[in-house]
Protein chains: 4
Amino acid sequence: MLEKLKEQVFVANLELVQQGLVTLTWGNVSGIDRDKQRVVIKPSGVAYDEMEPSYMVVVDLEGNVIEGDYNPSTDTATHLLLYRQFKDIGGITHTHSSHAVMFAQARCEIPCFGTTHADHFYGPVPVTRPLTSVEVEEDYEVNTAKVILDRFADLDPNSTPAVLVAGHGPFTWGSNARKSVENAVALEAVAQMALGTTQINAQAIELESYVLEKHYQRKHGPGAYYGQKKA
Amino acid sequence: MLEKLKEQVFVANLELVQQGLVTLTWGNVSGIDRDKQRVVIKPSGVAYDEMEPSYMVVVDLEGNVIEGDYNPSTDTATHLLLYRQFKDIGGITHTHSSHAVMFAQARCEIPCFGTTHADHFYGPVPVTRPLTSVEVEEDYEVNTAKVILDRFADLDPNSTPAVLVAGHGPFTWGSNARKSVENAVALEAVAQMALGTTQINAQAIELESYVLEKHYQRKHGPGAYYGQKKA
Amino acid sequence: MLEKLKEQVFVANLELVQQGLVTLTWGNVSGIDRDKQRVVIKPSGVAYDEMEPSYMVVVDLEGNVIEGDYNPSTDTATHLLLYRQFKDIGGITHTHSSHAVMFAQARCEIPCFGTTHADHFYGPVPVTRPLTSVEVEEDYEVNTAKVILDRFADLDPNSTPAVLVAGHGPFTWGSNARKSVENAVALEAVAQMALGTTQINAQAIELESYVLEKHYQRKHGPGAYYGQKKA
Amino acid sequence: MLEKLKEQVFVANLELVQQGLVTLTWGNVSGIDRDKQRVVIKPSGVAYDEMEPSYMVVVDLEGNVIEGDYNPSTDTATHLLLYRQFKDIGGITHTHSSHAVMFAQARCEIPCFGTTHADHFYGPVPVTRPLTSVEVEEDYEVNTAKVILDRFADLDPNSTPAVLVAGHGPFTWGSNARKSVENAVALEAVAQMALGTTQINAQAIELESYVLEKHYQRKHGPGAYYGQKKA
């Protein structure tokens, strides 16, 4: 079942490696079939160069393994709650890419300093509050999603498809698995650029709001003219 | 038509990838045929590993698509105005290479700290003013070229073949598409070196003007003796 | 003799190269056969791309060469004393990977700023005191192990499988040669992240102790649920 | 003539590329045959991937081209004067590797912060004074060597096989072309590590002199025991 989605999630996981965002086995990508209410996710702690599409694990939205010979990623519960609350997304990526992690560990949002950022994220990339001791003990992975959802109470996940979990690292999402990987790549790049920007100029200012608006809309808005028209 | 130029522009775009200056589909290279008054440019948002020479788009200097199945780069209007005003240039490259973007986002010019810089750029690499709200709304891509032209009112584009658009990133140019890519590579390298230089020594001084003169002239001046004599 | 261990140590040394942790011939990996009381280690100063499994040197715990045509690594005596005192470890890796060396040279421990760190090291990665002049002259390599052992007087080497020798660089270990390389890879990554974290936020705080506990235990504790169950 | 030396110099130039020290055509390696009083050097401004051993240029110690179809590197005069004054060296490498250039541009020597440095350079890597305006105009490349020689008035080039030319970049040397490239690789690595070291700890101290002595001597001294005995 879900062979096509398994293939897509498998390819998206490998793309993560090819883009240089993976150290050892850190990181995972999932995709959802909204009709069937099934999520396909990378197995936990398996080396990327040994993986095959058939290793992908199929779970339902409660986290029960429906198909697959492996344990799903330990972060599965985080993915599932995000899928339940962010209704429009089709794929989620979690990485420990270095510059995004630096901001997560520094517990600082990534300011929007330029159009590279604006092309992908409509404003700063937010950082969550830390989990409490009780939240960690009770249900760590579910509560990791909860602090993300808390942070997005007043944010639109479709225009800000990324978050930094404090002391941990980034989660990104998109309309499918591949798009969530693209956002993870963009996030790492803008994090690196943001760090360098403040090293050059500690008083660097954020991008003018009208340029943010322009860049985001020319790529993602109703009158978008970046890229090729869909056939 | 313009098969040779299309091939050159195609190869120059791939060179950008091979040099590590491209993330995702960010960046584009164009070339001009001054006799025919045609510009060849990369299509917008197409993956580099799927491109072929025939994907290159031919436009006239007003931006009308003359040949090609794809939309040209969204930055086409910026390229065209630069070609109209900088009469000697034959190729233009736009990237989001990380260290050049850091300076563009910090809105700081890149000082000439050494001979690596002097071999390519005759003095600091300038940064534009930000566009106004009206300029963004009216005609964003054309006005991006206008702020570049404003900045070059007293500068020679032939000896300073690069600029940083504030809050955006670098444009470089040269006598043809390949040369504009070479300048993009040099720019990224000198941007990285300049950042490190000031991290080591916050009071680092600019290169003595007579060394700048010597290095620039031995490579580009009338008595240049760097490289091989043209047959 | 020990053909399997020689193969494992050989592969682990090459893995060090593939992971980008090696410059020139810097770095070495060893493995121990506890039953036979033999250690297999990389030969000294041999280029990685010329090595074969048969080049690995077999020594006893006193450092006598038992088998092999090459001199063992100059760091052999350091490895041997660590094997004698850290009874549970099966492999040791020494590198000059750049960010780990930066902390060793700065003589600063690597704080645990996030879960990437907590997944591998249960608390800060410690730094030794410098060796005294007498220790260097008397028996440099043995005393390098001694300052490591001094530093671990109150630390468990199994939960903190890494150390920075002041002014020198990192040693990591694990249950076998491959695992010690994995810890060297993780160490370099967390060192790079830690440097960036403090650059973004000079007041960055260490990870909450309950998150450290959670992450370390879910991967290494008795109820670990990261990765796949052993068959 | 000198076919073997041409092959060695060619291979050493390519090694420079493989080690990631070259951007565009920046950098050059030469080697000397002391008996024949001939120097073999890379041609000027030729792309590395188009070079063949036969492209190497043979010059005498006065800089006359003895054999070869290309112009020799513009830096040839600098190499030649160094060969004349540093009697024991057999190869010279000049690069614009980024971190070494950062220190050269910052006009700061590279302190010896650790054993990685001590294994290759016996003390700080020195930086020259800037050339005067007259020196640049009179004979730029020869005078580049002269400021290096001035700086080495009280230094032994055999134990400090590297220098940073202020506002320019590094020159390294060794017993042959390949060894000079190795020192260029080591120099770039220790420059990167030194920058990071001071970023972590602005009060970082230099390596204890007795450790510097030990590491340098165990690799290069009369009783050296690093590496394999020569047959």
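The following dialogue discusses how the chains of this predicted model meet and which charged side chains pair within them.

Biologist: On what conventions do the names and values rest?

Modeller: Residues are numbered from 1 along each chain as its sequence is written, and chains are lettered from A and ligands numbered from 1 in the order in which they are written. Because the model is predicted, local features need pLDDT of at least 70 and side-chain atom pairs count only at pLDDT 80 or more, while totals for chains, interfaces and linings use all residues; side-chain values use heavy atoms, with hydrogens and water left out.

Biologist: What makes Lys6(D) and Glu67(D) a salt bridge?

Modeller: The term requires a side-chain nitrogen of Lys or Arg within 4 Å of a carboxyl oxygen of Asp or Glu. The N to O distance between the side chains of Lys6(D) and Glu67(D) is 2.4 Å, so the pair satisfies the definition.

Biologist: Which parts of chain D does this pair tie together?

Modeller: Lys6(D) lies in helix H1 (residues 3-18) and Glu67(D) in strand S4 (residues 65-67), so the pair ties together parts that are 61 residues apart in sequence. Helices (H or I, at least four residues) and strands (E, at least two) are DSSP runs, numbered from the N terminus.

Biologist: Why is Lys6(D) called buried, and what is Glu67(D) called?

Modeller: Buried means under 20% relative accessible area, exposed means over 50%, and partly exposed lies in between (1.4 Å probe, protein chains only). Lys6(D) has 6%, so it is buried. Glu67(D) has 25%, and therefore counts as partly exposed.

Biologist: How do you know that Lys36(D) and Asp33(D) also form a salt bridge?

Modeller: The closest N and O atoms of Lys36(D) and Asp33(D) are 3.8 Å apart, which the limit of 4 Å admits. Asp33(D) is buried, because its relative accessible area is 18%.

Biologist: What of Arg129(D) and Asp150(D)?

Modeller: Their side chains meet in a salt bridge at 3.3 Å, N to O. Arg129(D) lies in the loop between helix H4 (115-118) and helix H5 (133-151) of chain D, and Asp150(D) lies in helix H5, so the pair ties together parts that are 21 residues apart in sequence. Arg129(D) is partly exposed at 33%, and Asp150(D) is partly exposed at 45%.

Biologist: How many salt bridges are found over all chains?

Modeller: A search of the whole structure finds 36. In chain A, Glu3(A), Lys6(A) and Glu67(A) are linked in a network of salt bridges.

Biologist: What makes a residue part of the contact between chain B and chain A?

Modeller: Contact means heavy atoms within 4.5 Å. The contact takes 33 residues from chain B and 35 residues from chain A.

Biologist: How much area do chain B and chain A bury between them?

Modeller: They bury about 2,800 Å², 56% of it on carbon and sulfur atoms. Buried area is the accessible area (1.4 Å probe) that two parts lose on being put together, summed over both. In chain B, Leu24(B), Trp26(B) and Gln105(B) lose the most area to chain A, together 22% of what that side buries.

Biologist: Which polar and charged pairs cross this interface?

Modeller: The rule finds 3 salt bridges between chain B and chain A. Glu208(A) forms a salt bridge with Arg107(B), with the closest N and O atoms 2.7 Å apart. There are also 16 residue pairs in polar contact, both residues at pLDDT 80 or more. A polar contact is a pair of N or O atoms within 3.5 Å; within protein, one must be able to donate a hydrogen and the other to accept it, and residues adjacent in sequence count only if both atoms are side-chain atoms.

Biologist: Which helix gives the most to the side of chain B that touches chain A?

Modeller: H3(B) gives the most, with 7 residues. The residues of that side divide into 15 nonpolar, 15 polar and 3 charged. Here Ala, Val, Leu, Ile, Met, Phe, Trp, Tyr, Cys and Pro count as nonpolar, Asp, Glu, Lys and Arg as charged, and the others, Gly among them, as polar.

Biologist: Why are chain D and chain B said to be related as by a four-fold rotation axis?

Modeller: A rotation of 90 degrees with 0.0 Å of shift along its axis superposes chain D on chain B, with RMSD 0.0 Å. The two copies are thus related as by a four-fold rotation axis. Copies are superposed by least squares on the C-alpha atoms of residues with pLDDT of at least 70 in both. In chain D, the C-alpha nearest the axis is that of Gln199(D), 5.9 Å from it.
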